[in-house]
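Trainee: Please take a close look at a single part of this model and set that part against the chain as a whole.

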Amino acid sequence: MTDPIADFLTRIRNAIIAGHKVVEVPASNLKKDITKILFDKGYILSYKFIDDDLQGKIKIALKYHPKSKISAIKTIDRASRPGLRKYSGAAKLPRVLNGLGIAVISTSQGVMTDKEARKLNIGGEVLCYVY
């Protein structure tokens, strides 16, 4: 697998399209950080890290509207990829839907949202957009 982050996002996207309540993905430290951000910002219901084998797994409970069954995640897209990395300075961090969505940024101080990076005045690699 050449791009594990794209695989992580695609598994979440496919589970939403299929209407699944839970999705299971292989774990890594970067995926765990992205999962924590999605939970903190209210895009997923809950998550659980399972360390049963060498790599481990992440179980993610997806969040849907109780009556209309519409997912909290409308779009989840990869920004930077192995063939074309996208870096952004603190002054030019992307705004997703004029601040309604989030961009996940990998910085020298860890993985955070675009708003947190803007507040700390640091840039980094733009991993994905979520709204």
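Mentor: Accessible areas are taken here from the Shrake-Rupley method with a 1.4 Å probe. On that basis, this predicted model has an accessible surface of about 7600 Å², and carbon and sulfur atoms account for 53% of that surface. The part I propose to examine is helix α2, which occupies residues 29-40. In the chain, 3 helices are accompanied by 8 strands, and from the N terminus the order is α-β-α-β-β-β-β-β-β-α-β. The radius of gyration is 15 Å, close to the 14 Å given by the globule rule for 131 residues, so the chain is as compact as a globular protein of that length. The C-alpha trace spans about 40 × 40 × 25 Å along its principal axes.

Helix α2 itself comprises 12 residues, and the distance from its first C-alpha to its last is 17 Å, close to the 16 Å expected at 1.5 Å a residue. Its buried residues are K31, K32, I34, T35, I37 and L38, where buried means under 20% relative accessible area. Over the chain, buried residues make up 39% of the 131. Just after α2, G42 adopts a positive phi of about 85°.

Two further values complete the setting. Of the contacts between residues at least 6 apart in sequence, 60% join residues at least 24 apart. The chain also carries 23 positive and 12 negative charges, whose mean positions lie 8 Å apart.

Definitions and conventions: Residues numbered from 1 in each chain as written. Predicted model: local features only at pLDDT ≥ 70, side-chain atom pairs only at ≥ 80, totals over all residues. Heavy atoms only, no water. Helix = DSSP H or I, 4+ residues; strand = E, 2+ residues; numbered from the N terminus. Rg over C-alpha atoms; globule rule 2.2 N^0.38 Å. Buried < 20%, exposed > 50% of the residue type's maximum accessible area, 1.4 Å probe, protein only. Contact = heavy atoms within 4.5 Å. Lys, Arg positive; Asp, Glu negative; His and termini not counted. Charge placed at Lys NZ, Arg CZ, Asp CG, Glu CD. Expected span 1.5 Å × (residues − 1).
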